[in-house]
Amino acid sequence: MENALRPLIVIGGSVVLTLVIGWATDLLLRKADGRHHETPLWGLLRRARVPYQLVLCSALLRGSYDRAEILDEHRDGIGRALTLVLIGSAAWLAVRIAAAVVETSYARYASARAHRDPARVRRVRTQVELIMRVVTAIVIVVAAASMLLTFPAMRAAGASLLASAGILGIVAGVAAQSTLSNMFAGLQIAFGDMVRIGDTVVVNGEWGTVEEITLTFLTVRTWDERRITMPVSHFTSNPFENWSRGTPQMTGTVFWHLDHSAPLEAMREKLRDILRACPAWDGRAYNLQITDTTPNTILVRALMTAKDSDDIWTVRVAVREEMLRWLCEEHPYALPRVNTAEAEPPRGRAGGRGAVGGGAVRPAPPSLPSLDKSRTGRG
């Protein structure tokens, strides 16, 4: 009877104690989250309850398994398995706790500076995400190394591995040269403030928003919902446009090819009315000027401002459409035309060459040479 109850008490007690401690801890975190709405720390820590309970259960079982006195012939294997589970769950718990602390710090920083310095907030967000990836990678590597060291064979091989670490490092560095360059480029982007998550960029002729930055690649979401993924080293070795660098305010232009008789003053007044009716215009500045001329048309440029790249696109589209509609309805003569009028003959030089309908002068066709019948041999 005692042999049957002992394993049940040890294993069942460990599981029940784990559930009780986990429930009590979750209750305390829930109450703390209810009292402190200004910080998301307690709510984020609640996400770590699964690895927390797994750590408790594996630790209790690892410490009390010898007293259960079951499967004595597999005691070493079961003990090593519980140790591996404990190391893995501890690493999982460490990553969750680090993520909760870092996310809470970023949330406080962003709430305090979101309106005053949004560009710096995006920079910190990029750095935080890359730091979390580095921390996660370090924790995983340490956990994996700790798991391997639980095997006696790996301990014996440790000396030989350390002795050959220099040669292996050189070989690995040569083999993973592109990967390492991308990793260093990712760190350079994170702490060099070249590009941030949320920035509007133009890369290889594609306009979009930076959606994700990792240590090896960067994702740009285009205006038509496509995702362009490229190595981060591309941004450190090639030029690109960053429309969000500095202040997000932008200046946009719209061009029209019009006739020389286009009413410029009326167009300036119409541009002012269009911009006043457009909510995306920030009211800073506008202008309309002739920037170029050709023998048939003039090039008219309208200039307007907006608070960011999205609004400047909306303003440009509205101005282009409304101005063209107004010109077609009110001033159709201002649109480009093809001149089909006949040329007038020069005065005083029309004699001797007949004019056609008082229009363009046609030169007389050249006379054909007469045929010499005596040379053709035809009578």
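Two strands count as paired here if DSSP finds at least two bridges between them. Keep that in mind as we walk through this structure, which is a predicted model. A good place to try it out is strand E7 (residues 281-293) and strand E8 (residues 298-306), which run antiparallel and are joined by eight bridges. The two form a hairpin with four residues between them. If you want a spot to look at along the pairing, find Leu288, which sits opposite Ala302 in E8.

Now look at the loop between E7 and E8, where you'll find Thr297. Is Thr297 buried or exposed? Its relative accessibility is 13%, so Thr297 counts as buried, since the cut-off for buried is under 20%. As for what surrounds it, and leaving aside residues up to four places away in sequence, Thr297 touches His257, Leu258, His260 and Pro336.

Let's step back to the whole chain for a moment. The secondary structure comes to 12 helices and eight strands. Of the 379 residues, 29% are buried. Among contacts with a separation of 6 or more, 63% are between residues 24 or more positions apart. The chain exposes about 24100 Å², and carbon and sulfur atoms supply 60% of that.

Next comes an open sheet of five strands, in the order E4-E3-E2-E1-E5, with antiparallel pairing. E4 and strand E5 (241-242) stand at the edges with a single partner strand each, so one side of each has no neighbour in the sheet. Moving in from E4, five bridges join strand E3 (residues 217-222) to E4, and Arg221 stands opposite Arg227 in E4. These two strands also make a hairpin with four residues between them, in which Glu225 takes a positive phi near 70 degrees. One step further along, strand E2 (residues 206-213) is joined to E3 by five bridges, with Glu212 opposite Thr219 in E3.

Strand E4 (residues 227-231) is worth a closer look. In a regular strand the side chains alternate between the two faces of the sheet. In E4, Ile228 and Met230 make up the covered face, while Arg227, Thr229 and Pro231 make up the uncovered one.

On to the charged pairs, where the count comes to 15 salt bridges. One of them brings together the side chains of Asp26 and Arg46 at 3.0 Å, N to O. Asp26 lies in helix H1 (residues 2-35) and Arg46 in the loop between helix H2 (41-45) and H3, so the pair ties together parts that are 20 residues apart in sequence. Asp26 has 10% relative accessibility, so this acidic partner counts as buried.

Glu212, which you met in E2, has a salt bridge too: its side chain meets that of Arg133 at 3.4 Å, N to O. This pair links distant parts of the chain, with Glu212 in strand E2 and Arg133 in helix H5 (residues 118-149), 79 residues apart. Glu212 is partly exposed at 28% relative accessible area, and Arg133 counts as partly exposed at 30%.

For a local pair, go to helix H11 (residues 309-330). There, the side chains of Arg325 and Glu322 meet in a salt bridge of 2.9 Å, N to O. Why about one helical turn between them? Because Arg325 and Glu322 are three residues apart in helix H11. Arg325 is partly exposed at 36%, and Glu322 is partly exposed at 32%. Salt bridges that share partners also join Glu211, Arg221, Glu225 and Arg227 into one network.

While you're in H11, check Thr314. Its side chain reaches the backbone oxygen of Asp310 at 3.2 Å. Thr314 is partly exposed, with a relative accessible area of 39%. Thr314 and Ala280 are 34 residues apart in sequence but 6.7 Å apart in space, C-alpha to C-alpha.

Last stop: the surface. Val50, Leu54, Val85 and Trp92 make a nonpolar patch of about 330 Å². Helix H3 (49-68) and helix H4 (75-113) each supply at least two residues of the patch. Trp92 lies in helix H4 and is partly exposed, at 37% relative accessible area.

Notes
Residues numbered from 1 in each chain as written. Predicted model: local features only at pLDDT ≥ 70, side-chain atom pairs only at ≥ 80, totals over all residues. Heavy atoms only, no water. Buried < 20%, exposed > 50% of the residue type's maximum accessible area, 1.4 Å probe, protein only. Polar contact = N/O pair within 3.5 Å; in protein donor to acceptor, adjacent residues only side chain to side chain. Contact = heavy atoms within 4.5 Å. Areas by Shrake-Rupley, 256 points an atom, 1.4 Å probe, with all protein chains shown as cover. Patch = residues over 30% accessible without salt bridge, like charges linked within 9 Å, V, L, I, M, F, W, Y side chains within 5 Å. Salt bridge = Lys/Arg side-chain N within 4 Å of Asp/Glu carboxyl O.
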